[in-house]
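Biologist: Could you take me through the ligand site in close detail? I would like to know what surrounds the ligand and where the polar contacts are.

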Amino acid sequence: MKFAKDFIWGAATSSYQIEGAAYRDGGGSSVWDMLGRQAGKIANGETGEVACDHYHLYKNDVALMAEIGLQAYRFSISWPRILPDGAGKVNQQGLDFYSRLVDALLEKNIKPWITLFHWDFPYALYCRGGWLNRDSADWFADYTQLVVDKLSDRVSHWITLNEPQCFIGLGHQDGVHAPGMKMGVSEVLLAGHNALRAHGQSVQVIRAQTKTRSFVGASQASIISIPVSDHPNDIEAARQHMFSVQEKHVFNNAWFSDPMILGHYPEQCVELFAADMPTIYPGDLECINQDLDYFGVNIYSGVHVRATEANGFENVEKEELPVTAMGWPVTPEALYWGPKLFHERYHLPIVITESGMANDDRVDNGKVQDRERIEFLYKYLGEYARAIADGVPALGYFLWSLLDNFEWAEGYRKRFGIVYVDYETQQRVLKDSASWYKNLIAKHISESLQDAETATDKNQTIECI
Ligand code: FCB
């Protein structure tokens with residue numbers, strides 16, 4: 001596997017999934033707190049109220065990151081923790097928490113990558129219409145401004161939204177994620193449009209207000225289309241499939257990324273959604289379409305596709321594929337075709353902002369032997385390296401996740417971490433995959449240093465000659 005010497009190796013988490021202490025220290029509640037109070041919405045009636053108690057244990061967790069050798073850490077800010085009502089009154093303790101976290105990371109030489117929104121939408125703003133309210137873009141811009149004012153002297157890397165496909169699609173259309181709504185298509189599209197406007201305004205605020213050079217993107221959810229063979233027809237079928245939309249749902253690869261990067265909604269969707277399309281006011285698309293520094297994408301799995309004579313492409317069910325504890329098929333080639341096809345369409349360097357697997361991990365004699373995860377990472381990263389070797393510019397990789405955590409509607413039963421969390425005692429145990437990742441990062445750094453030395457030696461030789 002060959003990665004550029006400045007390639008970034010990191011791990012990711014999100015506020016609601018790890019922090020806990022949702023109601024303490026002056027913070028407000030979010031739509032996920034609201035969903036947690038509704039019977040039957042989350043497995044075993046669990047909530048993020050305590051989670052990994054990272055709010056109190058962050059120093060310990062940063063020490064673990066340093067032990068693994070992470071170069072970057074992607075985490076999110078809880079909007080209601082710093083603005084209890086979502087707008088207006090500021091909770092200074094909340095802001096100070098993130099400031100301390102950033103300092104602790106920098107002290108260990110770990111670059112903070114901040115996600116501004118990873119789904120914990122302020123409950124108070126939900127009561128004012130949430131993403132359906134056109135003002136939501138201004139609320140998000142004001143919140144961005146507060147964070148940027150406080151942290152951009154030390155933070156340069158920003159992710160505006162995490163997976164609008166999920167918080168709009170699963171949250172407002174399917175009702176399985178917070179706020180748990182099953183709305184009609186036109187309301188879903190309106191909420192999505194306002195979230196896109198919020199992204200655009202947020203990027204503008206970051207660019208205008210940052211105190212250091214900013215590096216900005218968003219994280220998209222994905223379903224990667226993998227051609228069943230190397231035949232050009234199957235590859236073309238996968239390309240078509242990857243950006244096509246077959247049903248009236250926003251969980252697809254183009255609906256959010258096209259307006260952000262290409263400046264318009266995908267035509268095929270506009271036709272399909274027809275009368276359900278939201279009103280697009282003059283200036284909306286220009287606002288959404290901001291220059292981004294990278295294409296951030298979360299890749300877990302893919303579907304196989306082949307060419308057909310009739311309509312161009314079709315899905316191929318591969319029954320023999322192994323699945324993770326989430327039931328998601330293990331398809332390493334997703335990390336080849338995803339970066340390749342996204343780069344082809346959007347012409348931005350790729351950052352994998354999440355990838356990883358849930359596994360039935362358990363502690364045995366003080367160890368967690370998650371061989372399945374190591375094999376998964378090895379195969380997926382091999383495919384990512386192959387995409388890079390084929391010319392796809394790629395800047396980094398964030399493993400999901402640093403810690404086992406609250407996996408949304410699945411509660412705590414799905415373990416994604418490379419660090420095991422005992423939720424009774426809050427003890428952390430580094431899994432075998434954490435040691436494997438640590439070796440990979442160390443090897444990458446030492447090889448990069450050697451390459452740099454060889455290059456310097458060569459230059460010196462040339463100079464001497
Ligand atoms: C992604 C989410 C992340 C985590 C992983 C497993 O969709 O962004 O928070 O739940 O899935």
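Modeller: Happy to! A polar contact here is a pair of N or O atoms within 3.5 Å. With that cut-off in hand, start at Glu163, where a polar side-chain atom lies 2.5 Å from an oxygen atom of the ligand. Gln17 offers another such pair, with an N or O atom of its side chain 2.8 Å from a ligand oxygen. For Asn162, the distance from a polar side-chain atom to an oxygen of the ligand is 2.9 Å. The protein buries 94% of the 300 Å² that the ligand exposes when taken alone.

Now for the wider setting. The ligand takes up the space of the largest pocket. Besides Gln17, Asn162 and Glu163, the residues surrounding the ligand include His118, Trp119, Tyr300, Glu354, Trp400, Glu407, Trp408 and Phe416. By class, this shell has five nonpolar, three polar and three charged residues.

A word on confidence, as this is a predicted model. The chain has an average pLDDT of 96, and 98% of the residues score at least 70. Residues 461-465 are another matter: their pLDDT stays under 50, and the model gives them zero contacts beyond four places in sequence. Where pLDDT is low, predicted coordinates should not be read in detail.

How values were computed:
Residues numbered from 1 in each chain as written. Predicted model: local features only at pLDDT ≥ 70, side-chain atom pairs only at ≥ 80, totals over all residues. Heavy atoms only, no water. pLDDT = per-residue confidence, 0-100. Contact = heavy atoms within 4.5 Å. Near = heavy atom within 4 Å. Polar contact = N/O pair within 3.5 Å; in protein donor to acceptor, adjacent residues only side chain to side chain. Areas by Shrake-Rupley, 256 points an atom, 1.4 Å probe, with all protein chains shown as cover. 1 Å grid on protein atoms, 1.4 Å probe; cavity = no way out; pocket = protein on both sides within 12 Å on 5 of 7 lines; lining within 4 Å. Sits in = over half its atoms within 2 Å of the grid points. Nonpolar A, V, L, I, M, F, W, Y, C, P; charged D, E, K, R; others polar.
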